[in-house]
Amino acid sequence: MVCLGNICRSPLAEGIAGQLAVERGLDWVFDSASTSGWHDGNPPDVRSIRVAAQHGLDISRQQSRKLVPQDYHDFDLIIAMDSENMQNMTKIAPPDGRAKLRMMLDFVDPGMNAQVPDPYLGGDDGFLHVYNLLLDACSAMLDELQGETQAT
Ligand code: 4NP
């Protein structure tokens, strides 16, 4: 799960996907990273921690880190929160890594190029909106991926 700072959107995506996977009995690994490296080592934004906690999810122990080329080998999918992230992820992808890139909201609105909006400069309602978008998208993602793994 990748966004600009890895302190607002992608930590929520990591936490939500992980919690939904556990609820489904899936032993899958989720992680998150930034394209900027600006907040390396920092915990999530307090507003993300708060909206997660309001939904029974603890993301407070996550630490921001920058996306690295090795991630394209370690993970099956690398998921962008918005198109700017996607452009940067495409730039640093190894040639065989581009096929692993997806837009987060593509799982709910395929082909629409919809964006998880950056809530950083807004208030708590923006974080709640992001939480709800990510809950839908992560649920749709697991539906799709579980379908694929059962089909193979
Ligand atoms: P995120 O939000 O990409 O969802 O983690 C942001 C966090 C920090 C900044 C911008 C967006 N920033 O400009 O520092």
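**Close-up 1. Helix 2 meets helix 5 through a short list of residues.** On the helix 2 side, the contact uses Arg47, Ser48, Arg50 and Val51. On the helix 5 side, the partners are Asp124, Phe127, Leu128 and Tyr131. Sorted by class, this contact holds four nonpolar, one polar and three charged residues. The model shown here and in the other views is predicted.

**Close-up 2. Helix 2 packs against helix 5 at an angle of about 55°.** Two values describe a pair of packed helices: the angle between the axes and the distance between them. Helix 2 spans residues 46–54. Its axis and that of helix 5 are 9 Å apart. The angle makes helix 2 oblique to helix 5. The two helices form a right-handed crossing.

**Close-up 3. Helix 1 also packs against helix 5, here at an angle of about 45°.** Helix 1 covers residues 9–23, and helix 5 covers residues 124–151. The axes of this pair lie 9 Å apart. Helix 1 is therefore oblique to helix 5, given its angle. Helix 1 crosses helix 5 in a right-handed sense. Helix 1 brings Arg9, Leu12, Ala13, Ile16, Ala17, Leu20 and Ala21 to the contact. Helix 5 answers with Val130, Tyr131, Leu134, Leu135, Cys138, Ser139, Met141 and Leu142. By class, the contact has 13 nonpolar residues, one polar and one charged.

**Close-up 4. Residues from several parts of the sequence surround the ligand.** Cys3, Leu4, Gly5, Asn6, Ile7, Cys8 and Arg9 are among them. Trp38, His39, Asp118 and Tyr120 are also around the ligand.

**Close-up 5. Oxygen atoms of the ligand pair with polar atoms of the protein.** At isoleucine 7, a polar backbone atom is 3.0 Å from a ligand oxygen. At cysteine 8, a polar backbone atom is 2.9 Å from a ligand oxygen. Histidine 39 uses its side chain: an N or O atom there is 2.9 Å from an oxygen atom of the ligand.

Conventions. Residues numbered from 1 in each chain as written. Predicted model: local features only at pLDDT ≥ 70, side-chain atom pairs only at ≥ 80, totals over all residues. Heavy atoms only, no water. Axes fitted to C-alpha atoms, helices over the stretch in contact; angles between N-to-C directions. Helix = DSSP H or I, 4+ residues; strand = E, 2+ residues; numbered from the N terminus. Parallel < 35°, antiparallel > 145°, perpendicular 65-115°, else oblique. Left-handed = near helix turned anticlockwise from the far one by under 90°. Contact = heavy atoms within 4.5 Å. Nonpolar A, V, L, I, M, F, W, Y, C, P; charged D, E, K, R; others polar. Near = heavy atom within 4 Å. Polar contact = N/O pair within 3.5 Å; in protein donor to acceptor, adjacent residues only side chain to side chain.
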